[in-house]
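These are my notebook entries on how the strands and helices of one chain are arranged. I began with a single pair of strands and worked outwards.

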Amino acid sequence: MILSREGLEELIAAGHISAGTDVDLATSPLGAAVRSGAQKPDVSTVASFTNTMLNARLVSMPGSTSGKFIQDSVFPRLGIADKVAMKVTARGIESTNMLARGESDVALGPVSELVNLPGVDYVGELPAEYQLVQVFSASMLKGSNQQEEAKRLIAYLAAPSGAAAIRKAGMELISLRRSQVRP
């Protein structure tokens, strides 16, 4: 299982994860995407990001940690919370699917949820002043029938040899902070 550290902590607390198998793999900052072929707006500065949000017909984002952060922290701090039309979806893929269908003009979320998707073009990271870099982690579910395979996959992704796969997914490999899983 690979998901945000926040989501994994909930599963650990609920007793669904095999003890000692959680490994922090990578980080992913917040970014923006547009529909494939659309003009890519500048989101690299606070002013350009604000302008892009105000000019969007509809902004879509996931209802997870990243979307909540944008909705509850970024937009209010920018003073545009009541000026941006937004749709919060249950998952990032629903937000980007809306974008690909032309239902929204911009999708916001972790870069890992905005890259390598049909119908979507990644624009860039949000400004540093309004950034939330999330940690994504791997672990094994309790009772899994594929423990050895899972250990090998986690070890591969956590090692320098897995860095290319991690980068392709819009993330950066990080040092292990939890127990290391060995094949």
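Entry 1. I looked up how strand S2 (residues 23–28) is joined to S9, and I found two bridges between these antiparallel strands. The model I am reading is a predicted one. Within this pair, I noted that Ala26 stands opposite Leu173 in S9.

Entry 2. I then asked in which order the strands of the sheet lie. Four strands form an open sheet, ordered S1-S8-S2-S9, with antiparallel pairing. I recorded strand S1 (2–4) and strand S9 (172–173) as the edges; each has a single partner strand, so one side of each has no neighbour in the sheet.

Entry 3. Next I looked for helices against the sheet. Helix H1 (residues 5–13) packs on it and touches S1, S2 and strand S8 (134–138). The direction of H1 makes about 105° with that of S1. Helix H5 (residues 147–158) lies across S1, S2, S8 and S9, and I noted that H5 runs at about 45° to S2.

Entry 4. Lastly I turned to a pair of helices. Helix H2 (residues 46–55) and helix H3 (residues 65–78) pack with their axes 11 Å apart, at an angle of about 105°. Why do I call H2 and H3 roughly perpendicular to each other? Angles of 65 to 115 degrees count as roughly perpendicular, and the two helices therefore earn that description. On the H2 side, the contact is made by Val46, Phe49, Thr50 and Met53; on the H3 side, by Val74, Phe75 and Leu78. By class, I listed six nonpolar residues, one polar and no charged ones in this contact.

Note on methods: Residues numbered from 1 in each chain as written. Predicted model: local features only at pLDDT ≥ 70, side-chain atom pairs only at ≥ 80, totals over all residues. Heavy atoms only, no water. Axes fitted to C-alpha atoms, helices over the stretch in contact; angles between N-to-C directions. Parallel < 35°, antiparallel > 145°, perpendicular 65-115°, else oblique. Contact = heavy atoms within 4.5 Å. Nonpolar A, V, L, I, M, F, W, Y, C, P; charged D, E, K, R; others polar. Pairing = 2+ DSSP bridges.
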